[in-house]
Amino acid sequence: MSEGWGDFLALHTIARDGDNLNGTFGLATYSTSAFDPNSAPVMNGGPVEMRNVTVSVSITSPTSGVSFKHDSSDRISRIAPFSSVEAAIEIEVDRNFTGIGQLQLSVRVSNDAACEASVSRQFSARINVDDVPNVSTVDTVESPSSPWTATGADADQIWARVELAPFNNVWFGRDFGAASDTSLESPDLRVGTTAPLVIAFDHAFGFEVDGTTFFDGGVIEISRNGGPFEDISAIVDPGYGGTLFIGSDNPLGGRRAFVGRSAGFPALGRLTLNLGTAFAGQTVRIRFRIATDAAAADTGWAIDNVSVQGITNLPFSALVEDRAKCRGVPKKR
Ligand SMILES: [Ca+2]
Ligand SMILES: [Ca+2]
């Protein structure tokens with residue numbers, strides 16, 4: 001009566017000064033969702049009320065300076081059919097902790113009456129850390145405040161920041177199993193007047209393909225000064241692998257795109273796009289756009305370590321060691 005509930009488990013940790021770190025620690029299935037800080041939603045995926053569920057957490061990384069504020073487990077008396085309940089288990093970081101820490105947790109959810117009596121998941125989170133916006137020209141996607149926005153119908157089901165491996169987050173756009181046209185759009189990039197604009201990133205993709213018929217795919221586009229987006233291939237060759245099939249409702253049917261599998265998939269590979277001085281003195285945005293046809297899903301597109309050279313602003317966030325000296329003192333930003 002409970003299959004799948006482990007997939008809805010998430011944990012959040014707090015910094016030394018009590019800031020909530022609103023990371024969502026995704027699972028291998030790429031399932032993500034928005035959760036409240038310091039809580040672990042536990043879902044009953046079946047039609048019968050579930051009683052007496054135990055959630056217990058153990059710390060599997062070094063425990064120096066890290067402790068449970070209260071208990072390491074919580075008991076949920078009942079969970080209604082097809083609904084979820086949050087279990088709160090707070091973890092404290094000692095005020096003398098130095099450096100950015102890497103916390104790894106093992107979470108076990110148990111219920112004797114469930115089909116699977118016990119489900120375990122591993123989670124990782126940085127601790128003693130502050131997330132500072134607008135300080136970098138590189139986005140490693142490790143900051144929860146990564147300033148990209150997902151646009152288009154169903155974008156919230158397609159684009160998410162996910163944990164590909166412990167302590168390595170990426171942007172990930174799913175190859176959706178229905179017609180879709182969504183983008184992950186950058187913040188403003190203010191291009192300088194002399195140096196070339198060079199955009200580089202690591203990526204890997206796997207889009208629906210049958211032989212040489214490419215049903216789903218992705219493109220990179222750029223907009224200047226708030227104008228319409230155009231394909232980046234008008235300025236620099238991104239190495240698209242084929243043309244999207246016309247006739248199965250892909251909104252970009254007939255356009256060249258990243259299709260099929262990237263070289264070395266699923267390992268990420270570096271792509272560098274030198275746009276020269278075509279945008280000197282202008283404010284541009286780029287977007288990663290995925291378009292899918294009427295049926296059949298595949299993996300999708302993972303993007304990491306986006307670096308933008310030749311700009312005069314600092315559009316991206318970075319993680320730094322927690323800067324607060326005292327617990328409970330409001331911080332000035
Ligand atoms: Ca990363
Ligand atoms: Ca498809």
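# Notebook: a strand-rich chain

I began with contact range: among contacts in the chain with a separation of 6 or more, 75% are between residues 24 or more positions apart. The model is a predicted one, and I kept that in mind throughout.

**Overall count.** I tallied the secondary structure next and got 1 helix and 26 strands. The chain has 333 residues, and 36% of them count as buried.

**The open sheet.** I went looking for strand order and found an open sheet of 4 strands, running β4-β2-β7-β8 with antiparallel pairing. Which strands stand at the edges? They are β4 (73-79) and β8 (118-127); each has a single partner strand, so one side of each has no neighbour in the sheet. I also checked the twist: on average, neighbouring strands here are turned by 20° against each other, direction ignored.

I then zoomed in on one pair from this sheet. Strand β7 (residues 101-110) is antiparallel to β8, and the two pair over 10 bridges. As one register marker I noted Gly-101, whose bridge partner in β8 is Ile-127.

**Asn-52.** While in that sheet I stopped at Asn-52, which is found in strand β2 (residues 50-59). Its phi is near 55°, a positive value in a residue other than glycine. Most residues other than glycine have a negative phi, hence the flag in my notes. I checked the surroundings too: Asn-52 has 13 other C-beta atoms within 10 Å and is partly exposed. The cut-off for exposed is 12 or fewer, so Asn-52 with its 13 falls in the class in between.

**β16 and its partners.** I moved on to strand β16 (residues 198-206), which pairs with strand β23 (residues 269-274) in the antiparallel sense over 6 bridges. Ala-200 has Thr-272 as its bridge partner in β23. β16 also runs antiparallel to strand β25 (residues 298-309), with 8 bridges joining them. For that pair I wrote down Ala-204, bridged to Ala-302 in β25.

**A cis peptide.** I scanned omega and hit the bond between Phe-265 and Pro-266, which is cis with omega about 5°. Most peptide bonds are trans, so I logged it. Where does Pro-266 lie? I placed Pro-266 in the loop between β22 (256-257) and β23.

**β19, its partners and a hairpin.** Strand β19 (residues 217-224) and strand β24 (residues 283-292) run antiparallel and are joined by 8 bridges. Gly-218 is bridged to Ile-290 in β24. β19 also pairs with strand β20 (residues 230-231), antiparallel over 2 bridges, and Ile-222 has Glu-230 as its bridge partner there.

β19 and β20 make a hairpin with 5 residues between them. Asn-225 sits in that turn, and its phi is near 50°, another positive value in a residue other than glycine. Is Asn-225 buried or exposed? I found 11 C-beta neighbours inside 10 Å, so Asn-225 counts as exposed.

**The largest nonpolar core.** Next I listed what packs together. The largest nonpolar core has 46 residues; those touching the most other members are Trp-159, Val-170, Trp-171, Leu-244, Ala-257, Ala-302 and Ile-303. Elements giving two or more residues to this core are α1 (155-158), β12 (159-165), β13 (168-175), β16, β19, β24 and β25. Another core, of 17 residues, lies apart from it, with Val-55, Ile-79, Ile-89 and Leu-103 among its members.

I picked two residues of the larger core to follow up. Leaving aside neighbours within four places in sequence, Ile-303 is in contact with Val-170, Trp-171, Phe-201, His-203 and Phe-288.

**Leu-244.** The second pick lies in a loop: Leu-244 is between β21 (242-243) and β22. How many C-beta neighbours does Leu-244 have inside 10 Å? I got 26, so Leu-244 counts as buried. Not counting residues up to four places away in sequence, Leu-244 touches Phe-214, Gly-217, Asn-250, Leu-252, Gly-253, Gly-254, Arg-255, Ala-257, Val-259 and Ala-291. I also took one C-alpha to C-alpha distance: Leu-244 and Thr-213 are 7.5 Å apart in space and 31 residues apart in sequence.

Key: Residues numbered from 1 in each chain as written. Chains lettered and ligands numbered in written order. Predicted model: local features only at pLDDT ≥ 70, side-chain atom pairs only at ≥ 80, totals over all residues. Buried ≥ 20, exposed ≤ 12 C-beta atoms within 10 Å, placed from the backbone. Contact = placed C-beta atoms within 7 Å. Pairing = 2+ DSSP bridges. Core = buried A, V, L, I, M, F, W, Y, C linked by C-beta atoms within 7 Å. Axes fitted to C-alpha atoms, helices over the stretch in contact; angles between N-to-C directions.
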